[in-house]
Amino acid sequence: MLLDKNDIYELDRIKRLNIINSITGIKPANLIGTKSKEGVNNVAIFSSVVHLGSQPAQLGLLCRPTHTRKSDTYTNITDTGYYTINQVSTSFVRQAHFTSAKTAPEVSEFDVMNLTPENLNDFYAPFVQQSSVKIGM
């Protein structure tokens, strides 16, 4: 299949979404946990966590452009400097997927999606208790 820029823009929304989302292959699913300056926990699913290096340990998180609306995740990270990366497992994959829904900044996706925030070692941002692999950033 050969598509140019115009072909891609003219595709049905769902077909375009499926092609673009799968073109790079298998992607990880991670929940990014943050907390606002006002103390509201936030959790959102991301497939854009990448490994950059192991010595020193370096991971990267890509966020969508923020020129129209800054996401709560992006705002919380830039305001506080803290976030967590939590692996998604099959036991809560459906809940994790729905964390991408838009909610008001004062509403915690942990509550809406029935996930449990976990505070570890006085780290500012919340971890996802249901996740078996998690790291504070």
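Three aromatic pairs turn up in this structure, which is a predicted model. A good place to start is the pair made by Tyr-82 and Phe-123, whose ring centres are 5.3 Å apart. Their planes meet at 90 degrees, so the pair counts as edge-to-face, a label for angles over 60 degrees.

Now look at where these two residues sit along the chain. Tyr-82 belongs to the loop between helix 3 (72–80) and strand 5 (84–87), while Phe-123 is found in the loop between strand 6 (117–118) and strand 7 (127–128). The pair therefore links distant parts of the chain, 41 residues apart.

Stay with Tyr-82 for a moment, and turn to its pairing with Tyr-124. Here the ring centres are 6.1 Å apart and the planes stand at 45 degrees, so this pair is tilted. Tyr-124 lies in the loop between strand 6 and strand 7, so its pairing with Tyr-82 ties together parts that are 42 residues apart in sequence.

How exposed are these two tyrosines, Tyr-82 and Tyr-124? Tyr-82 has a relative accessible area of 36%, so it is partly exposed. Tyr-124 also counts as partly exposed, at 28% relative accessibility.

Finally, step back to see the group. Tyr-82, Phe-123, Tyr-124 and Phe-127 form one aromatic cluster. Tyr-124 has a further neighbour in Lys-35, which lies over the face of the Tyr-124 ring, 4.8 Å from the ring centre.

How values were computed
Residues are numbered from 1 along each chain as its sequence is written. This is a predicted model: local features need pLDDT of at least 70, side-chain atom pairs count only at pLDDT 80 or more; totals for chains, interfaces and linings use all residues. Side-chain values use heavy atoms; hydrogens and water are left out. Rings of Phe, Tyr and Trp (its six-membered ring) pair if their centres lie within 6.5 Å; planes under 30 degrees apart count as stacked, over 60 as edge-to-face and the rest as tilted. Helices (H or I, at least four residues) and strands (E, at least two) are DSSP runs, numbered from the N terminus. Buried means under 20% relative accessible area, exposed over 50%, partly exposed in between (1.4 Å probe, protein chains only). A charge sits over a ring if NZ of Lys or CZ of Arg is within 6 Å of the ring centre and within 35 degrees of the ring normal.
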